[in-house]
Amino acid sequence: MVTIKGPALFIAQFIGDKAPFNDLKAIAEWAGSLGFKGLQLPTGDPRFIDLQKAAESKTYADEVKGIVNEAGLEITELSTHIQGQLVAVNPVYDDLFDGFAPEAYRKNPKARQEWAVQQVKYAAKASQNLGLPASVTFSGAFAWPFMYPWPQRPAGMVQTAFEELARRWMPILDYYEECGIDLCYEIHAGEDLHDGTTYEMFLEKVNNHKRANLLYDPSHFILQCLDYLEYIDIYHERIKMMHVKDAEFNPTGRQGVYGGYQNWIDRAGRFRSLGDGQVDFKSIFSKLAQYDFPGWAVLEWECALKHPEDGAREGAQFIKDHIIHVTDRVFDDFAASGIDASLNKKILGI
């Protein structure tokens, strides 16, 4: 069995303009002081990693890796959540998602999409240069505006959406295969891949591509009332990454899973700091240990109530306390009788 690595921290929600959150060296040292052993890096801010340069220069990638290593940490994975979102955008969201792209590509969906595809490919090569096995992204979405079937969806619309989604991602997945990197989709509200069923629909369209894998984050399943433990049983062979993030769902007579257009703090379902929500992490870490999960336990902090620095400090210890140092022996070995094969046959009468 394999002991899960960690704790690690996804730094996207911590990046800012004040020290120690404005520089890779400083944020790595800060995270190390809290007990983190790894950093998951977003790739849209060159203060932390210049993605294109890391893809094109092994020397530069080694320099970035060295900065993190000097703080006593490892780089766990690279994230292209923002860029992946732009691989597939329904026109209803064009103006909103334009802000995710450099100004030169705004008001030009085709150019924006081409930029996004190249970015996600850069992450594959950069991951290779950094010696990382996997990277995380979002799938983007064509059909999300039509999630609830009213007005009735036209026949074949969802199938067409997933065919186009697969057409756009297939060359990217093939490039990840060339680089030897797993591309892990974070199953997330707002994406066409938002639960197990939609992931399976996509997987079928990309011919069960070996690199089309999963990042597991139970917080998104709490908000959907999805069985996040059975999900591990079903998809464990495809789960290559994880975010350790808590959530709670408290429906009332006034609102449920749709949240009534309320802000996060007033929603029935909301994300919480680790230990403050309803996720059964003991069972999650047990199942992942059982299935030899190969990756890192990465804290993603998102909370409507708690200060992020408190969430990070408490979260590092929370993950450390939940990682199972797997056993190297069977618990009842002490009672082994030492019976040999011939005696076994005698006992069985064969």
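Select Lys245 and Phe271: the charged end of Lys245 sits over the ring of Phe271, 3.8 Å from the ring centre. The model you are looking at is predicted. Phe271 has a relative accessible area of 9% and is therefore buried, the cut-off being under 20%.

Keep Phe271 on screen and add Trp264. These two form a tilted aromatic pair, with 5.0 Å from centre to centre and 35 degrees between the planes. Trp264 is partly exposed, at a relative accessible area of 44%. Now add Arg267, whose charged end sits over the ring of Trp264, 5.2 Å from its centre.

Next, go to helix H10, residues 228-235. Select Tyr231 and Tyr235, which lie four residues apart in this helix, about one turn. Both are buried. Their ring centres are 4.7 Å apart and their planes meet at 55 degrees, so this pair is tilted too. Extend the selection to Tyr199, Tyr216 and Phe221: ring pairs link these residues with Tyr231 and Tyr235 into a cluster. The structure has 16 aromatic pairs by count.

Move to helix H1, residues 24-33. At its start, select Asp23 and Lys25; a side-chain oxygen of Asp23 comes to within 3.1 Å of the backbone nitrogen of Lys25. Then colour the buried residues of H1: Leu24, Ala26, Ile27, Ala28, Trp30 and Ala31. To see what they pack against, show strand S1 (5-10), strand S2 (38-42), helix H3 (58-70) and helix H12 (308-322).

Stay with Leu24 for a closer look. Its relative accessibility is 3%, so Leu24 counts as buried. Leaving aside residues up to four places away in sequence, Leu24 touches Leu39, Leu41, Arg47, Phe48, Val64, Ile67 and Val68. A distance drawn between the C-alpha atoms of Leu24 and Ile11 should read 9.8 Å; the two are 13 residues apart along the chain.

Past the end of H1, select Gly35, which has a positive phi, near 105 degrees. Another glycine with a positive phi, Gly131, comes just after helix H6, at about 75 degrees. H6 itself covers residues 109-130 and has 22 residues. From first C-alpha to last, H6 reaches 31 Å, close to the 32 Å expected.

Last, select the cysteines. How many disulfides are there in the whole structure? A search finds zero. For Cys184, the nearest cysteine sulfur is that of Cys179, 14 Å away. Cys184 has 0% relative accessibility and so counts as buried. Cys303 is also in no disulfide, and the nearest cysteine sulfur, belonging to Cys225, is 19 Å away. Cys303 counts as buried at 15% relative accessibility.

Definitions and conventions: Residues numbered from 1 in each chain as written. Predicted model: local features only at pLDDT ≥ 70, side-chain atom pairs only at ≥ 80, totals over all residues. Heavy atoms only, no water. Buried < 20%, exposed > 50% of the residue type's maximum accessible area, 1.4 Å probe, protein only. Helix = DSSP H or I, 4+ residues; strand = E, 2+ residues; numbered from the N terminus. Contact = heavy atoms within 4.5 Å. Polar contact = N/O pair within 3.5 Å; in protein donor to acceptor, adjacent residues only side chain to side chain. Expected span 1.5 Å × (residues − 1). Disulfide = S-S within 2.5 Å. Phe/Tyr/Trp six-rings, centres within 6.5 Å; stacked < 30°, edge-to-face > 60°. Lys NZ or Arg CZ within 6 Å of the ring centre and 35° of its normal.
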